[in-house]
Amino acid sequence: MLKSTIDKATGFEKRFENIETVVFENSSTASKAVAKEIADLIRVKQAQKQPCILGLATGSSPKSLYAELVRMHKQEGLSFKNVVSFNLDEYYPMEPDSVNSYVRFMKELLFNHIDILPENIHIPDGTLPKEEIANYCDQYEAKIKAVGGIDLQILGIGGNGHIGFNESGSLQNSKTRLVALDHITRVAASGDFGGLSSTPRTAITLGIKKIMQAKRVILMAWGEGKANIIKASAEGPVTNQVPASFLQEHNNATFVLDKEASSKLTRINTPWLVEEIVWTDKMIRKAVLGLALHLNKPILMLTDADYIENGMSGLLADSGPAYDINIKIFNKVQHTITGWPGGKPNADDSKRPERAEPAKKRVLIFSPHPDDDIISMGGTFKRLQEQGHEVHVGYQTSGNIAVDDSEALRFASFVCDYNDKFGIESKEAETIYKKAIKFLENKKTSEIDIPQVRFIKGLIRKGEAQAACRFVGVPENQIHFMELPFYETGTIDKKPLGEADIKITMALIEAIKPHQIYAAGDLADPHGTHKVCLDAVFEAVKRLKTKPFMKDCWVWLYRGAWKEWGIDEIEMAVPMGPDQVLEKRKGIFKHQSQKDGVVFQGADSREFWQRAEDRNKETAQLYDQLGLSHYAAMEAFVRWEF
């Protein structure tokens, strides 16, 4: 079982969690461990000549789990002939062959690739007349009872703590039923459905009572975006406002997490409250800055009593008094601030985040979508250009799925009108326009765009990126559209990172031989594209690290519009004055298709430029609150050592 293995892996013994919680280095390793437990259970049941009853989940969390189970079937001979599966939920209404149906999800990711018997597969029916659903749900539970109950239930977790589609407010004895979906849940799913208006409002879900009756429950969660709700579910009170917290009362439930999802757990976020620790420089900085912000005090105003009363007496004993610790941390944070992100020429750089030489650097900014560069680091981008560096931008994907259909029609129509006005005969353009308009006028919910429409949408994003680069001052020959293949599926669900993606990334790095690389370090990216793009950069850099030019290359990671680096993580903070904030806004506005409401809005109703400005202002406010200089805004970066 997972419990014994993971305790050794983490090294933590004292815990604040009220449920068994195990942490892996990454989701891939975690998924393999869960797959092994499932495989072991299947084989035990086979030896006993008994069926193995699995409760299965959908969503992003179990994808790598299912991939590993498929691998074990094909390469290790794991048979699923004795497996009986019951899926947690299904949208309602939903046709089984729809792009977004969980029937299709399970077939494409698991069932079509293993030898499970079709009659042993059970997934809630999203096509029933509403008046038949209550009786159907009773029969669904009866089938589970008839086979002896669920042996092992796999769960993911929603941002509001839902398990299955048991939303906040669901009771512990709730039955399988039709439920109304929470706004947060619908927003999270809206990208799959092409917008919130097309996202189902209801779903059929297995009740919490049946989940709690499972003999074994494993809840999987990946990424920083799940960290807060995992802490609430594992350490907080048992409450129907966080349905996953009910699992604290299950006698055989485990949370399986990657590092990022576990990052807010007390034993990981503030381990000094749990046990004696070795006070590294990184840990001291995290603890002191956290204490200052918690007490709303500047760093230099912290006292010995503040340290002692907040569980940090060990740090005082190790490195005190408070005055000495405060000075050390204050200086470290102060040295992260620089108006010279490419390094200040002819200056002492011993206490600056970047090198002074070479004075003119070749800079490569990787932008996952065609606007991430200007949204996430527009002030730094412009300053690098103005300070004389050779700035290149690599747009990793076309970003075509984020363009509204009406925009595509408008631009296709413009081309036809343009040709007509100036007497340019182009039957090809006319044909493409007619094909696009016919498709879009008859487009079904969640139907994948035809290649012509995707190309038009990609051209719109490309033109906007070029306009933003011209605004910053980057020459045309320093703008690179990479169009990584993993992205070009036409849907929000992308292919895994492939060899072609890595080679394209390597080729661009080799061609430019940069002194600085900037990449989007979003580990909580809700769409996943940023993470794949980051993995492509990481892998490319690792493969190129022995090249002579890479000895002079530093990699800086920025964050997107979703989540900023923690104040204790920031290694370079580039300040902006009010005029520079406005200039950045103007650059973002070059991306017209992403203004005034975007396809993938997320749970945040603000536009991307507003999110970016607010985030940059909040970072500056934190520096001010800690007793450092007060700026209008700041962009933050973390250096990645390879």
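Visitor: Why is Cys-469 called buried?

Guide: In this predicted model, Cys-469 has a relative accessible area of 0%. A residue counts as buried when this value is under 20%. The value for Cys-469 is 0%, and the residue is therefore buried.

Visitor: How do you know whether Cys-469 is bonded to another cysteine or not?

Guide: The closest cysteine sulfur belongs to Cys-533, and it is 16 Å from the sulfur of Cys-469. A disulfide requires two cysteine sulfur atoms within 2.5 Å, so the separation of 16 Å is too far for a bond. A search of the whole structure finds zero disulfides.

Visitor: Is Cys-52 buried or exposed, and how do you know?

Guide: Cys-52 has a relative accessibility of 0%. With the limit for buried residues set at under 20%, Cys-52 is counted as buried.

Visitor: Which residues meet where helix H14 contacts helix H17?

Guide: Cys-469 appears again here, together with Phe-471 and Val-472, on the side of H17. From H14 come Ile-374, Phe-381, Lys-382 and Gln-385. By class, this contact has five nonpolar residues, one polar and one charged. The helices concerned are H14, residues 372-386, and H17, residues 451-472; their axes come within 10 Å and cross at roughly 35°.

Visitor: What makes helices H3 and H4 oblique to each other?

Guide: Two packed helices are described by the angle and the distance between their axes. For H3 (residues 63-76) and H4 (residues 102-109), the axes come within 9 Å and cross at roughly 40°. An angle under 35 degrees would count as roughly parallel, and one from 65 to 115 as roughly perpendicular. The angle of roughly 40° falls between these ranges, and H3 and H4 are therefore oblique.

Visitor: Which residues of H3 and H4 meet?

Guide: Lys-63, Tyr-66 and Val-70 in H3 meet Phe-105, Met-106 and Leu-109 in H4. The contact comprises five nonpolar residues, one charged residue and no polar residues.

Visitor: Which residues touch the most other members of the largest nonpolar core?

Guide: In soluble globular proteins, nonpolar side chains tend to be buried together. The largest nonpolar core here has 81 residues, and those touching the most other members are Ile-38, Leu-65, Leu-69, Leu-110, Ile-154, Leu-219 and Leu-247. Helix H2, residues 27-47, gives the most to this core, with seven residues. If neighbours within four places in sequence are set aside, Ile-38 contacts Leu-54, Leu-65, Leu-69, Leu-152 and Ile-154. A second, separate core has 60 residues, among them Ala-287, Tyr-487, Val-555 and Trp-640.

Visitor: Why is Met-576 called buried?

Guide: Its relative accessible area is 2%. Since the limit is under 20%, Met-576 is buried. Met-576 lies in strand S16, residues 572-576. Beyond four places in sequence, the residues it touches include Gly-379, Arg-383, Asn-616 and Tyr-631. Tyr-631 is 55 residues away from Met-576 along the chain, yet their C-alpha atoms are separated by 6.6 Å.

Visitor: What makes Leu-206 a buried residue although it is in a loop?

Guide: The loop in question runs between strand S8 (202-205) and helix H7 (208-212). The label depends on accessible area: Leu-206 has a relative value of 2%, against a limit of under 20%; Leu-206 is therefore buried. Among the residues it touches beyond four places in sequence are Leu-88, Tyr-140, Ile-144 and Thr-176.

Visitor: Why are Glu-483 and Lys-513 called partly exposed?

Guide: Glu-483 has a relative accessibility of 49%, and Lys-513 has 38%. Buried residues are under 20% and exposed ones over 50%. Both values lie in between, so Glu-483 and Lys-513 count as partly exposed.

Visitor: What is stated about phi in Glu-483 and Lys-513?

Guide: Most residues other than glycine have a negative phi. Glu-483, which is not a glycine, has a positive phi of about 50°. Lys-513 also has a positive phi, near 50°. Glu-483 is in the loop between strand S13 and helix H18, and Lys-513 is in the loop between H18 and strand S14.

Visitor: Which peptide bonds before Pro-321 and Pro-358 are cis or trans?

Guide: Most peptide bonds are trans. The bond from Gly-320 to Pro-321 is cis, with omega near 10°, and the bond joining Glu-357 and Pro-358 is cis, with omega about -5°. Pro-321 lies in the loop between helices H12 and H13, whereas Pro-358 lies in the loop between H13 and strand S11.

Definitions and conventions:
Residues are numbered from 1 along each chain as its sequence is written. This is a predicted model: local features need pLDDT of at least 70, side-chain atom pairs count only at pLDDT 80 or more; totals for chains, interfaces and linings use all residues. Side-chain values use heavy atoms; hydrogens and water are left out. Axes are lines fitted to C-alpha atoms, for helices over the stretch in contact, and angles run from 0 to 180 degrees between N-to-C directions. Helices (H or I, at least four residues) and strands (E, at least two) are DSSP runs, numbered from the N terminus. Angles under 35 degrees count as roughly parallel, over 145 as roughly antiparallel, 65 to 115 as roughly perpendicular and the rest as oblique. Contact means heavy atoms within 4.5 Å. Ala, Val, Leu, Ile, Met, Phe, Trp, Tyr, Cys and Pro count as nonpolar, Asp, Glu, Lys and Arg as charged, and the others, Gly among them, as polar. A nonpolar core is a set of buried Ala, Val, Leu, Ile, Met, Phe, Trp, Tyr and Cys residues joined through side-chain atoms within 4.5 Å. Buried means under 20% relative accessible area, exposed over 50%, partly exposed in between (1.4 Å probe, protein chains only).
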